[in-house]
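This report describes one protein chain, from its overall make-up down to single residues. The sequence and the model come first.

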Amino acid sequence: MTLRRWKWSPKATTVTTGLLLALAVQNAVPPFATDVYAPLFPAITIDLNTSSGLIGLTLTTFFIGNGLGQLLGGAFSDQMGRRRTIIAGGIICTLGSIGCVLAPSITVLIAARMIQGFGGGVAAATSRAVLVDLAVGSKLASAMSLMMAIGGLAPIVAPIIGGMIATVATWRTVFWALTIFGLLMTVVAFLVIPESLPMGRRHRGGLRTTITGMTTLVRRPAFIGFMFVSSFSSAAMFAYIADSSYVFQGIAGLSPMMYSIIFALNAFAQMATAFINSRLVIRFKPQNLLRLGVTMAAVSILLLAISVFALGTPLWLTGAGFTLLMASQGFIFGNSSALALSHARDSAGIGSALLGLIQSLANSVSAPLASIGGSRTAVPMVIVMLVGSVIAWSAYLLARRADPQKHPEPPSDQSDPGDDGVQGERA
């Protein structure tokens with residue numbers, strides 16, 4: 001059974017700021033669920049009598065669960081609709097967070113993190129599919145970037161919350177906060193997010209249709225290339241997330257609160273460039289802005305390599321490298337995701353699922369590998385970043401060459417020039 005390409009036919013629905021806020025909440029699970037407890041890695045290591053490697057594994061299982069959730073959630077939403085799938089994801093994420101609160105050992109914490117990640121993955125993949133249902137071309141890239149900029153508040157607020165908790169409470173309080181966030185996801189999805197996939201565009205056939213859709217998408221080099229840019233750029237970023245607490249606190253000797261402030265400032269840099277990208281993408285091609293992003297990332301990793309391999313990890317140069325790395329992501333994620341999903345409009349849920357799955361798998365591998373040096377050395381982190389950057393650049397070159405439509409825009413007779421919003425179709 002083959003997938004039929006549907007013709008874009010904009011109607012009355014506009015992607016409003018309110019909807020973007022609601023979708024950003026659904027996508028905020030990975031940064032919120034990882035960044036908020038990053039300052040507490042050393043404390044969790046001591047309290048559960050475990051190792052830094054196993055603490056890194058809590059990131060790995062989170063992203064494995066997140067990837068599986070995106071895979072199943074995206075495919076399910078293509079068949080059953082977006083809204084109910086997002087709500088289910090919020091409920092599962094909440095249950096996983098409760099499991100983390102009650103975890104008596106590192107083994108239980110690892111398992112609960114997988115459940116938490118699964119629910120977050122279901123919600124994230126489906127929320128991206130909602131945008132693909134409602135937006136095309138540069139408007140899709142702009143909406144993706146705006147959603148990322150709004151969601152960028154999570155990694156700014158999360159480490160500060162984590163740092164404050166580290167000074168007054170135990171690490172379990174962090175997961176109580178994540179439980180509340182899971183409830184917020186569910187309520188916001190129920191009240192704000194509409195059904196964006198009409199019955200006539202839903203796929204039938206269950207697993208067979210899902211497999212057929214995946215097979216179709218992996219045969220599209222442009223989709224694969226842009227997906228890999230997003231995924232391996234994310235892997236480099238999560239190497240930073242997994243090891244930065246050890247670098248700043250263990251090697252540089254900063255306090256948990258000072259680390260949290262620096263972490264938040266770096267997240268703000270990512271948020272700022274994502275917002276800038278959402279404005280620039282209306283005038284400049286997403287491919288060119290994406291090239292700027294991967295170039296910035298490569299320069300940042302070069303600075304970190306010089307800092308770690310040649311200069312003994314000085315705080316000023318290491319911090320500058322981290323800031324530039326995070327800033328580069330604002331030009332990478334929105335554009336690479338939009339460019340990839342523009343080649344999956346006939347099966348947006350499956351395309352979003354594959355995008356999230358590969359990204360989660362890359363993150364799950366990079367996090368423990370980057371953190372095995374602990375507070376002793378940042379060499380493993382830099383090596384992981386170098387590998388991620390090389391793959392991301394190679395994927396960009398492949399995708400740019402294989403993209404025959406060069407990020408197609410909707411036909412002019414289907415667009416309303418008097419409407420500055422992103423238009424779509426309401427069920």
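## Surface, fold and interior of the chain

The chain exposes about 15,800 Å², and carbon and sulfur atoms supply 70% of that area; accessible areas come from the Shrake-Rupley method with a 1.4 Å probe, and for residues only the protein chains shown count as cover. This is a predicted model, in which local features need pLDDT of at least 70 and side-chain atom pairs count only at pLDDT 80 or more, while totals for chains, interfaces and linings use all residues. Residues are numbered from 1 along each chain as its sequence is written, and side-chain values use heavy atoms, with hydrogens and water left out.

There are 16 helices and zero strands in the chain; these are DSSP runs numbered from the N terminus (helices: H or I, at least four residues; strands: E, at least two). Of the 427 residues, 63% are buried (under 20% relative accessible area; exposed is over 50% and partly exposed in between, with a 1.4 Å probe and protein chains only). Among contacts (heavy atoms within 4.5 Å) with a separation of 6 or more, 88% join residues 24 or more positions apart.

Helix α1 (residues 17–27) has eight of its 11 residues buried, among them L19, L20 and N27. N27 also belongs to the lining of the largest cavity, where N27, P31, M148, F333 and Q359 lie nearest the centre among 33 lining residues. A cavity is a set of points, on a 1 Å grid over the protein atoms alone, where a 1.4 Å probe fits but cannot get out, and lining residues have an atom within 4 Å of a point. The volume of the largest cavity is about 610 Å³, taken as the space filled by probe spheres set on the points, which are joined across faces, edges and corners.

In helix α15 (residues 348–371) sits S352, which counts as buried because its relative accessibility is 0%. A polar atom of the S352 side chain lies 2.7 Å from the backbone oxygen of A125. Beyond neighbours within four places in sequence, S352 is in contact with Q70, A125, R128, A129 and L341.

Two loop residues other than glycine have a positive phi. Most residues other than glycine have a negative phi.

| Residue | Phi | Loop | Relative accessibility |
|---|---|---|---|
| N49 | about 55 degrees | between α3 (41–47) and α4 (52–80) | 71%, exposed |
| T313 | near 60 degrees | between α13 (286–310) and α14 (315–341) | 15%, buried |

Notes
Polar contact = N/O pair within 3.5 Å; in protein donor to acceptor, adjacent residues only side chain to side chain. 1 Å grid on protein atoms, 1.4 Å probe; cavity = no way out; pocket = protein on both sides within 12 Å on 5 of 7 lines; lining within 4 Å.
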